[in-house]
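Student: Before we start, I would like to go through the labels one by one and ask what each of them rests on.
Tutor: Then let us put the structure in view and take the labels in turn.

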Amino acid sequence: MATVYRTQSLTFKDYSLYLWAALFVAGNVLLPQLCHMVNFGGKAFMPIMFFTLIATAKFGVRCGLLTAVISPLVSFTLFGMPSGIMLGAVILKSIIIATVIGLWQYKGYSFTLLNILMLVAGWQILGFVIEGALFFGYAVAWSDLLISWPGVLAQIAALWVIARKQK
């Protein structure tokens with residue numbers, strides 16, 4: 001059964017856009033601090049991208065893009081994470097997530113499990129190609145991709161739950 005996904009797309013004139021974006025930024029800043037208490041927890045769970053996914057899926061691409069760009073900058077400023085060398089890659093990967101989900105919503109596609117798997121695989125592959133080509137080389141990008149499978153599963157689960165609640 002196809003789930004027609006409806007998002008509450010907020011405009012830049014909506015004050016609630018900035019409130020929600022600030023809350024998602026806080027989540028993207030605090031969750032990595034918890035995940036980094038576990039060895040490789042940051043790389044494995046990709047926590048700084050998690051609330052970007054939720055922000056976009058729930059409130060639209062504007063909220064997602066605000067969260068995607070501001071979260072890594074705030075986290076870097078407060079905690080030095082992601083490291084300066086990783087900052088550009090994290091921002092770009094977060095923007096990819098928000099953009100892909102936003103385009104999916106704009107086209108009005110359903111969020112079936114197969115579509116969610118394709119979405120997550122799509123932005124993971126795109127992120128891999130961009131990280132490999134522009135930032136660190138494909139060996140580093142491949143190791144990041146292999147380490148991040150728990151985060152990929154969390155992204156799939158989050159989209160599935162959000163899609164089910166939006167019917």
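Student: Why is L126 called partly exposed?
Tutor: The model is a predicted one, and in it L126 has a relative accessibility of 39%. Buried requires under 20% and exposed requires over 50%, so a value of 39% falls in between and L126 counts as partly exposed. L126 lies in helix α6, and its C-alpha atom is 8.4 Å from that of K93, although 33 residues separate L126 and K93 in sequence.

Student: What makes Q124 buried?
Tutor: Q124 has a relative accessible area of 14%, and because the limit for buried is under 20%, Q124 meets it. Q124 is placed in helix α6, which covers residues 113–136. Leaving aside residues up to four places away in sequence, Q124 touches M46, L145, S148, V152 and Q155.

Student: Which residues make the contact between α6 and α7?
Tutor: Helix α7 covers residues 138–147, and α6 and α7 pack at an angle of about 145° with their axes 8 Å apart. On the α6 side the contact is made by Q124, F128, V129, E131, G132, A133 and F136, and on the α7 side by Y138, V140, A141, W142, D144 and L145. Sorted by class, this contact of α6 with α7 has 9 nonpolar, 2 polar and 2 charged residues. The crossing in which α6 passes α7 is right-handed.

Student: Why is A141 counted as buried?
Tutor: The relative accessibility of A141 is 2%, and since buried means under 20%, A141 qualifies. A141 is found in helix α7 and touches F128, E131 and G132, not counting residues up to four places away in sequence. With F128, A141 has a C-alpha to C-alpha distance of 5.6 Å, while the two are 13 residues apart in sequence.

Student: Is G108 buried or exposed, and why?
Tutor: G108 is exposed, because its relative accessible area is 52% and the label requires over 50%. G108 is placed in the loop between α5 and α6. The C-alpha atoms of G108 and F45 are separated by 29 Å, with their positions 63 residues apart along the chain.

Student: Why is the pair of W104 and F111 called edge-to-face?
Tutor: A pair of aromatic rings is described by the distance of the centres and the angle of the planes. For W104 and F111 the centres are 6.5 Å apart, which satisfies the limit of within 6.5 Å, and the planes are at 90°, which is over 60, so the pair is edge-to-face. Both W104 and F111 are buried. The count of aromatic pairs comes to 9, and W20, F24, F50, F51 and F59 form one aromatic cluster.

Student: How many disulfides does a search of the whole structure find, and what makes C35 and C63 buried?
Tutor: The search finds 0 disulfides, where a disulfide would need a pair of cysteine sulfur atoms within 2.5 Å. The relative accessible area is 13% for C35 and 0% for C63, and as both values are under 20%, C35 and C63 count as buried.

Student: What makes the peptide bond from M81 to P82 cis?
Tutor: Its omega is near 0°, and the bond from M81 to P82 is cis. P82 is placed in the loop between α4 (61–79) and α5 (84–107). Most peptide bonds are trans.

Note on methods. Residues are numbered from 1 along each chain as its sequence is written. This is a predicted model: local features need pLDDT of at least 70, side-chain atom pairs count only at pLDDT 80 or more; totals for chains, interfaces and linings use all residues. Side-chain values use heavy atoms; hydrogens and water are left out. Helices (H or I, at least four residues) and strands (E, at least two) are DSSP runs, numbered from the N terminus. Buried means under 20% relative accessible area, exposed over 50%, partly exposed in between (1.4 Å probe, protein chains only). Contact means heavy atoms within 4.5 Å. Axes are lines fitted to C-alpha atoms, for helices over the stretch in contact, and angles run from 0 to 180 degrees between N-to-C directions. A crossing is left-handed if the near helix is turned anticlockwise from the far one by less than a right angle, and right-handed if clockwise. Ala, Val, Leu, Ile, Met, Phe, Trp, Tyr, Cys and Pro count as nonpolar, Asp, Glu, Lys and Arg as charged, and the others, Gly among them, as polar. Rings of Phe, Tyr and Trp (its six-membered ring) pair if their centres lie within 6.5 Å; planes under 30 degrees apart count as stacked, over 60 as edge-to-face and the rest as tilted.
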